[in-house]
Amino acid sequence: GMKTPTHLFNATATLMRATTSQDRQGGVMVTYTAVSPTFKCRVVTVASSEERAMHGDDVTYSATMFCGFDVSISDKDRITIAGTTYKVSGVNNNQNAAIFQTVELTDSL
């Protein structure tokens, strides 16, 4: 197989995984805990920040993250990059080249 072009990965990401626990009222609490270690990735913005500046924070920011297959990511996870946490909205949806995996991110938590 082809080697992952890791020199293109210029960002560091933390995988956040949901853990559920019961609160005192018997309800279910979901907390996201960092899965170590961090991993390298590249993020390409889909929704422009200019649009966000014009329309405010109600504009959903979305991005595509590329990373190696050594990280196992599901659409129940969240990803933190440079202090911002994103929801995973899709993993390898249109994956043709199996050099790296594509992960769709959105900030609409």
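## A tour from threonine 20 around the barrel

Begin by selecting threonine 20, which lies in strand β1, the stretch that covers residues 11–22. Keep in mind throughout that the model on the screen is a predicted one. With the surface switched on, threonine 20 should be visible from outside, because its relative accessibility of 58% is over the 50% that marks a residue as exposed.

Next, show what surrounds this residue. If its neighbours within four places in sequence are left aside, threonine 20 is in contact with Val28, Met29 and Val30. Add tyrosine 32 to the selection as well: this residue is 12 places away from threonine 20 along the chain, and the C-alpha atoms of the two are separated by 8.8 Å.

From here, select the whole of strand β2, residues 28–45, which pairs with β1 in the antiparallel sense over 11 bridges. The two strands form a hairpin with five residues between them, and in the turn you can pick out glycine 26, whose phi is positive, at about 85°.

Now move along β1 to methionine 16, a useful place to look to both sides of the strand. Its bridge partner in β2 is alanine 34, while in β4 methionine 16 stands opposite arginine 78. Strand β4, residues 78–81, also pairs with β1 in the antiparallel sense, here over four bridges. A further pair to select between these strands is alanine 13 with its bridge partner in β4, isoleucine 81.

With β1 placed between its two partners, colour the strands and turn to the wider arrangement. Six strands close into a barrel in the order β1-β2-β3-β6-β5-β4, and the pairing is antiparallel. Going from one strand to the next, the twist averages 40°.

For the last stop, select arginine 17 and aspartate 77 and show their side chains, which meet in a salt bridge with an N to O distance of 2.8 Å. The pair links distant parts of the chain, since arginine 17 belongs to strand β1 and aspartate 77 to the loop between β3 (62–67) and β4, 60 residues apart. A search of the whole structure finds one salt bridge.

Which of the terms buried, partly exposed or exposed applies to aspartate 77? Aspartate 77 is buried, because its relative accessible area of 3% is under the 20% cut-off. Arginine 17, at 32% relative accessibility, counts as partly exposed, because this value falls between the 20% and 50% limits.

How values were computed:
Residues numbered from 1 in each chain as written. Predicted model: local features only at pLDDT ≥ 70, side-chain atom pairs only at ≥ 80, totals over all residues. Heavy atoms only, no water. Buried < 20%, exposed > 50% of the residue type's maximum accessible area, 1.4 Å probe, protein only. Contact = heavy atoms within 4.5 Å. Salt bridge = Lys/Arg side-chain N within 4 Å of Asp/Glu carboxyl O. Pairing = 2+ DSSP bridges. Axes fitted to C-alpha atoms, helices over the stretch in contact; angles between N-to-C directions.
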